[in-house]
Amino acid sequence: QEAKEGLHLLTNKNIPVFLPNTEIAWVKNYDLNEYMNRTGKLQVIVIENAHGEKPTIVSIKQMYQDPMNIYTPNSIHKGNVSGELAKVYFVNFVDGLTGIILKESLNGLKLKKGAEIRTKVISSDKENRRIILELYRESEFTGNDIMEMLNLNPSRQVGMLKKMLNEAVVNGEINSSYNAGATYVKEKAKQL
């Protein structure tokens, strides 16, 4: 039986329990059918025993980890641009959570609705379910960038520098920002 605040359910042993709406899912938009087992029954756990007139309170969401746990500052996530307002773009993730990118952080770059993008978490607020993001740009070093930077002609040296730079980024010796890459390349070029 459905109530505004949640669902009144009966257990297998015909014991009435109450499932508050706030205990169904970690995300706002959910499909209750996703939580049903093959026999069409909901699996729940008791979070508060009955006392007095109050029924036993059960939860579905507390059986699963909060997806907000993985949205830690500096973590990278793929998502889809789902809409925009005057100052922000919304990005939806596969786990049902949504984050925002402030337009001012994009330096005039426009994002297309439906586009898949990589984002970096700037901050996340578990309590208020807010994830603030920035567009994640991996530095794309081309041989031309490196040659220009060092006033070199195309050579085996440039190929070696590119390979060393890729390995340094992958192994975590340097981060993937353009400045870190540029500094690394300049230092290594002196040694070659």
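A salt bridge here is a side-chain nitrogen of Lys or Arg within 4 Å of a carboxyl oxygen of Asp or Glu. Keep that rule at hand, since several stops on this tour use it.

**Before you start**

This is a predicted model, in which local features need pLDDT of at least 70 and side-chain atom pairs count only at pLDDT 80 or more, while totals for chains, interfaces and linings use all residues. Residues are numbered from 1 along each chain as its sequence is written, and side-chain values use heavy atoms, with hydrogens and water left out.

**The overview**

Show the whole chain as a cartoon. You should find three helices and ten strands, where helices (H or I, at least four residues) and strands (E, at least two) are DSSP runs numbered from the N terminus. Following the chain from the N terminus, the order is β-β-β-β-β-β-β-β-β-β-α-α-α. Of the 192 residues, 32% count as buried; buried means under 20% relative accessible area, exposed over 50%, and partly exposed in between, with a 1.4 Å probe and protein chains only. Taking contacts (heavy atoms within 4.5 Å) with a separation of 6 or more, 47% are between residues 24 or more positions apart.

**Stop 1: the barrel**

Select β6 to β10. These five strands make a closed barrel in the order β6-β7-β8-β10-β9, with mixed pairing; two strands pair if DSSP finds at least two bridges between them. From one strand to the next, the twist averages 55°, with axes taken as lines fitted to C-alpha atoms (for helices over the stretch in contact) and angles running from 0 to 180 degrees between N-to-C directions.

Now go around it pair by pair:

- β6 and β7 (residues 88–92) are antiparallel and share four bridges. Glycine 83 stands opposite phenylalanine 90, and the hairpin between the two strands has three residues.
- β6 and β9 are also antiparallel, joined by five bridges. Pick histidine 77 to find its bridge partner, threonine 119 in β9.
- β9 (residues 116–125) and β10 (residues 130–135) run antiparallel over six bridges. Here aspartate 125 faces arginine 130 in β10.

While the strands are on screen, try showing their side chains. In a regular strand the side chains alternate between the two faces of the sheet.

**Stop 2: the salt bridges**

How many salt bridges are there by the rule above? The count comes to three, and you can visit each one.

Start with lysine 103 and glutamate 84, whose closest N and O atoms are 2.4 Å apart. Lysine 103 sits in the loop between β8 (98–102) and β9 and glutamate 84 in β6, so this pair ties together parts 19 residues apart in sequence. Lysine 103 is partly exposed at 22% relative accessible area, and glutamate 84 is partly exposed at 46%.

Next, select aspartate 66 and arginine 129, with a closest N to O distance of 2.8 Å. This pair links distant parts of the chain, 63 residues apart: aspartate 66 is in the loop between β5 and β6 (76–84), and arginine 129 is in the loop between β9 and β10. Is aspartate 66 buried or exposed? At 7% relative accessibility, aspartate 66 is buried, whereas arginine 129 is partly exposed at 29%.

Then move to helix α2 (residues 156–170), where glutamate 167 and lysine 163 lie four residues apart, about one turn of the helix. Their side chains meet in a salt bridge at 2.7 Å, N to O. Glutamate 167 is partly exposed at 38%, and lysine 163 is exposed at 53%.

**Stop 3: a lysine without a partner**

Select lysine 61, in the loop between β5 and β6. Lysine 61 is buried yet has no salt bridge, and the nearest side chain of opposite charge, glutamate 23, is 4.6 Å away; for this, Lys and Arg count as positive and Asp and Glu as negative, while His and the chain ends are not counted. What does the side chain of lysine 61 reach? It comes to 3.0 Å from the backbone oxygen of threonine 22. That is a polar contact: a pair of N or O atoms within 3.5 Å where, within protein, one must be able to donate a hydrogen and the other to accept it, and residues adjacent in sequence count only if both atoms are side-chain atoms. Beyond four places in sequence, lysine 61 touches Thr22, Glu23, Ile24, Ala25 and Trp26.

**Stop 4: threonine 56**

Finish in strand β5 (residues 56–59), at threonine 56. Threonine 56 is buried, with a relative accessible area of 11%. Its side chain reaches the backbone nitrogen of alanine 50 at 3.3 Å. Among the residues it touches more than four places away in sequence are Pro16, Val17, Phe18 and Val46.
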